[in-house]
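Please open the model in a viewer and keep the selection tool at hand. The tour begins at the ligand, moves out to the whole chain, and ends at a single residue.

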Amino acid sequence: MLGSEPWERRIKNRSEVQREYQDEKWGGLLARVEESPWQLKLSDLDAIMQGGDEVVLFSDGPDLFETTARDAHLRYRDFVAETLKRYLDASAIVELGAGYGSVIVDLARRPEFSGLPAYGLDLTKAGADLIGRMAAAEGVNVNSGLCDMLADEVASSAIPEGALLFTSYAAHYEPRHAASFVEGIAALRPGRVVLIEPCHEHCDESTLLGLLRRRYIEVNDYNTNLVTLLHEQREAGRIRILDERRAAFGPNPLLAASVIVWEPVDRN
Ligand SMILES: C[S@@+](CC[C@H](N)C(=O)[O-])C[C@H]1O[C@@H](n2cnc3c(N)ncnc32)[C@H](O)[C@@H]1O
């Protein structure tokens, strides 16, 4: 990170994301679920993917804290729930890029969210399959299916109009978003859109932590233009930005998530 040793810049593209998630992470997790003699629950998958008792750092606003990997993940999910709770006047709650369902299945089992139809959609078939299995294991109703945030038709299943749509550490897998990203999401006719994503433009260049965060995004080929794009869309009158919070919470302090809440401007 500081350039004291040689490093290789990673490249993110569609086949790399498919390799990382379909072939390795979610594919491997699905095989473990299928092979397990007993039914694996969400906490089992979280322990495998997010870690357990090992000590890690997380960031809450500008501050860093030490805790276990398990606790950092639980705190992150509480942060997501707190963030989304303000926008529950919606027809449904939809997560795009929902992975194995750690966030959306957890939300669906919280009383404040239980009245809303829930959808957990992912780019990978293994992810969609795991979301369905985890919802069943937790006894909650989450519609699972495929989506591609970069496609003209983002969701392969019908999403109710006026939904609360959100992403969590998924939109940043595209190094440069185009206006079509906003158009594709707006075409789903959501009420509000909440992006909980690391943002390159939100890294504070006046602090060492901010500079390390910027470097971390660049080394991993994560997105560098999400904030710029959303501001351009606002200036063009296509969206309204309702909230923008910089590097609000980081289960990994080098990859802290910002929160950007927006709604499409109805052009009919
Ligand atoms: C780091 S995981 C995050 C999973 C989940 N949102 C969470 O917070 O636990 C990133 C997920 O984004 C998905 N993803 C990446 N690019 C995507 C795209 N263009 N459309 C939909 N999902 C995508 C991957 O398949 C993966 O499941």
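**The ligand and its polar partners**

Select the ligand together with E95: an N or O atom in the side chain of E95 lies 2.6 Å from a nitrogen atom of the ligand. The model in view is a predicted one, and the distances quoted on this tour are computed from it.

Add D148 to the selection. One of the polar side-chain atoms of D148 is 3.1 Å from a nitrogen atom of the ligand. Then display the backbone of G99, where a polar backbone atom is found 3.5 Å from an oxygen atom of the ligand. With a surface shown, consider how much of the ligand is covered: on its own the ligand has 600 Å² of accessible area, and the protein covers 91% of it.

**The surrounding shell**

Now expand the selection to the residues around the ligand, which number 19. The closest are W26, E95, G97, D122 and S168. Colour this shell by residue class, and it separates into 12 nonpolar, 4 polar and 3 charged residues.

Which helix gives the most to the shell around the ligand? Select residues 14-35: this is helix α1, and its contribution is 3 residues.

**The whole chain**

Zoom out and switch to a cartoon display. The protein chain contains 8 helices and 9 strands. Its C-alpha trace extends over about 55 × 50 × 35 Å along the principal axes. The radius of gyration is 18 Å, which agrees with the value near 18 Å that a compact globule of 268 residues would have.

Colour by accessibility next. Of the 268 residues in the protein chain, 51% are buried. The accessible surface amounts to about 12,500 Å², and carbon and sulfur atoms account for 49% of it. A contact map offers another view: among contacts between residues at least 6 apart in sequence, 72% join residues at least 24 apart.

**A stop at H202**

Finally, select H202, located in the loop that runs between β7 (192-197) and α7 (208-219). Is H202 buried or exposed? H202 counts as buried because its relative accessibility is 4%, below the 20% cut-off for that class.

Show the side chain of E244 as well: the side chains of H202 and E244 form a polar contact at 2.7 Å. To complete the picture, display the other residues in contact with H202 beyond its neighbours within four places in sequence, among them V227, R245, R246, S258 and I260.

Definitions and conventions:
Residues are numbered from 1 along each chain as its sequence is written. This is a predicted model: local features need pLDDT of at least 70, side-chain atom pairs count only at pLDDT 80 or more; totals for chains, interfaces and linings use all residues. Side-chain values use heavy atoms; hydrogens and water are left out. A residue is near a molecule or strand if one of its heavy atoms lies within 4 Å of it. A polar contact is a pair of N or O atoms within 3.5 Å; within protein, one must be able to donate a hydrogen and the other to accept it, and residues adjacent in sequence count only if both atoms are side-chain atoms. Accessible areas come from the Shrake-Rupley method with a 1.4 Å probe; for residues, only the protein chains shown count as cover. Helices (H or I, at least four residues) and strands (E, at least two) are DSSP runs, numbered from the N terminus. Ala, Val, Leu, Ile, Met, Phe, Trp, Tyr, Cys and Pro count as nonpolar, Asp, Glu, Lys and Arg as charged, and the others, Gly among them, as polar. The radius of gyration is taken over C-alpha atoms; the globule rule is 2.2 Å times the number of residues to the power 0.38. Buried means under 20% relative accessible area, exposed over 50%, partly exposed in between (1.4 Å probe, protein chains only). Contact means heavy atoms within 4.5 Å.
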